[in-house]
Amino acid sequence: MMIVETDSDPARWFHMPLSGTKSEFAQWLDLQLDASALLHRRKLTWREKRQMKKFLEGSAAMLRDRVEADQAFIFGPMPPQAAPLVFFTKQFACDEEHSPLHLSMLAEPDPSTAVASQRVETTTFDSPHFSEGLRCLRSWTGPDGGLMLSVTYAWNDPAHDIDLVLKGHYDDPALLEASFDAIDDFARSLRLTDKS
């Protein structure tokens with residue numbers, strides 16, 4: 001596996017560990033709360049701290065156990081009373097020809113899991129490190145009737161024979177849409193480096 005690195009502002013994008021011991025993750029959570037307080041220039045309330053810890057613990061468990069994500073990142077500037085915006089990366093060894101069809105299969109949702117209210121908008125997305133890729137914006141109605149929004153970026157990296165996907169979703173479309181420029185900049189900043 002290659003390592004995904006970013007040139008993005010470390011005061012805005014935080015790496016989220018998906019491995020390690022419980023005590024290491026607890027230490028990271030405390031640092032994350034401190035970083036959030038610094039970013040927002042105020043002390044977090046007890047309720048905000050508890051809510052953020054619970055959300056990040058659940059997100060890490062889900063990404064590690066169900067999604068099997070390779071790496072995860074948090075967008076810091078979300079309001080402290082809102083759930084953090086978490087993005088994850090997944091790499092796939094590419095054993096077929098890089099093609100637009102292959103790329104769209106990585107970026108777009110599986111048609112068999114589509115819901116009636118789903119809307120999908122796919123556009124090309126250029127990256128200085130991977131050249132042309134795709135960005136797929138998907139919206140659908142959640143089980144509680146609220147609007148859900150996800151964004152997926154996908155690239156083929158023929159130099160390393162790897163496909164890379166960056167994905168995040170959020171149940172507050174207005175907050176996610178307000179962050180799109182920063183998210184696009186983050187996606188453009190990603191690059192792969194050898195682990196060794």
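# A guided tour of the predicted model

Of the 196 residues in the protein chain, 44% are buried. The structure on display is a predicted model, and the tour starts with the whole chain before turning to selected residues.

**The whole chain.** Display the chain as a cartoon and colour it by secondary structure. Five helices and nine strands are present. From one end of the sequence to the other, their order is β-β-α-α-β-β-α-β-β-β-β-α-α-β. The chain has a radius of gyration of 17 Å, close to the 16 Å that the globule rule gives for 196 residues, so it is as compact as a globular protein of that length. Along the principal axes, the C-alpha atoms occupy a box of roughly 50 × 45 × 30 Å. When contacts between residues at least 6 apart in sequence are considered, 62% of them join residues at least 24 apart. With the surface switched on, the accessible area is about 10,900 Å², and carbon and sulfur atoms account for 52% of that area.

**The largest nonpolar core.** Next, select Leu85, Phe87, Tyr153, Trp155, Leu166 and Ile183. These are the residues with the most contacts inside the largest nonpolar core, which has 27 residues. At least two residues of this core come from each of β3 (71-75), β4 (85-93), β7 (147-157), β8 (162-170) and α5 (180-189). Helix α5 gives the most, with five residues. In soluble globular proteins, nonpolar side chains tend to be buried together.

Centre the view on Ile183. Which residues does Ile183 contact, leaving aside its neighbours within four places in sequence? They are Trp13, Leu85, Phe87, Tyr153 and Leu176. A second, separate core of 18 residues can then be located by selecting Phe25, Trp28, Leu63 and Ala72, which are among its members.

**The aromatic rings.** Show the side chains of Phe, Tyr and Trp. The model contains nine aromatic pairs. In one of them, the ring centres of Trp13 and Phe75 are 4.8 Å apart and the planes meet at 40°, so the pair is tilted. Trp13 belongs to strand β2 (residues 13-16) and Phe75 to strand β3, and the two are 62 residues apart. Trp13 is buried, with 7% relative accessibility, and Phe75 is buried as well, at 4%.

Move to Phe125 and Tyr153. Their ring centres also lie 4.8 Å apart, but the planes are at 65°, so this pair is edge-to-face. Because Phe125 lies in strand β5 (residues 119-127) and Tyr153 in strand β7, the pair ties together parts that are 28 residues apart in sequence. Phe125 is buried at 4% relative accessibility, and Tyr153 is buried with a relative accessible area of 0%.

To see a group of rings together, select Trp13, Phe73, Phe75, Phe87 and Phe186, which form one aromatic cluster.

**A charge over a ring, and a buried serine.** Select Arg138 and Trp140. The charged end of Arg138 sits over the ring of Trp140, at 3.9 Å from the ring centre.

Keep both side chains visible and add Ser150, a residue of strand β7. Is Ser150 buried or exposed? Its relative accessible area is 3%, below the 20% limit, so Ser150 is buried. Not counting residues up to four places away in sequence, Ser150 touches Cys136, Leu137, Arg138, Trp140, Gly168 and His169. The list thus includes Arg138 and Trp140, the two residues of the charge-over-ring arrangement.

Terms used: Residues numbered from 1 in each chain as written. Predicted model: local features only at pLDDT ≥ 70, side-chain atom pairs only at ≥ 80, totals over all residues. Heavy atoms only, no water. Core = buried A, V, L, I, M, F, W, Y, C linked by side-chain atoms within 4.5 Å. Buried < 20%, exposed > 50% of the residue type's maximum accessible area, 1.4 Å probe, protein only. Helix = DSSP H or I, 4+ residues; strand = E, 2+ residues; numbered from the N terminus. Contact = heavy atoms within 4.5 Å. Phe/Tyr/Trp six-rings, centres within 6.5 Å; stacked < 30°, edge-to-face > 60°. Lys NZ or Arg CZ within 6 Å of the ring centre and 35° of its normal. Rg over C-alpha atoms; globule rule 2.2 N^0.38 Å. Areas by Shrake-Rupley, 256 points an atom, 1.4 Å probe, with all protein chains shown as cover.
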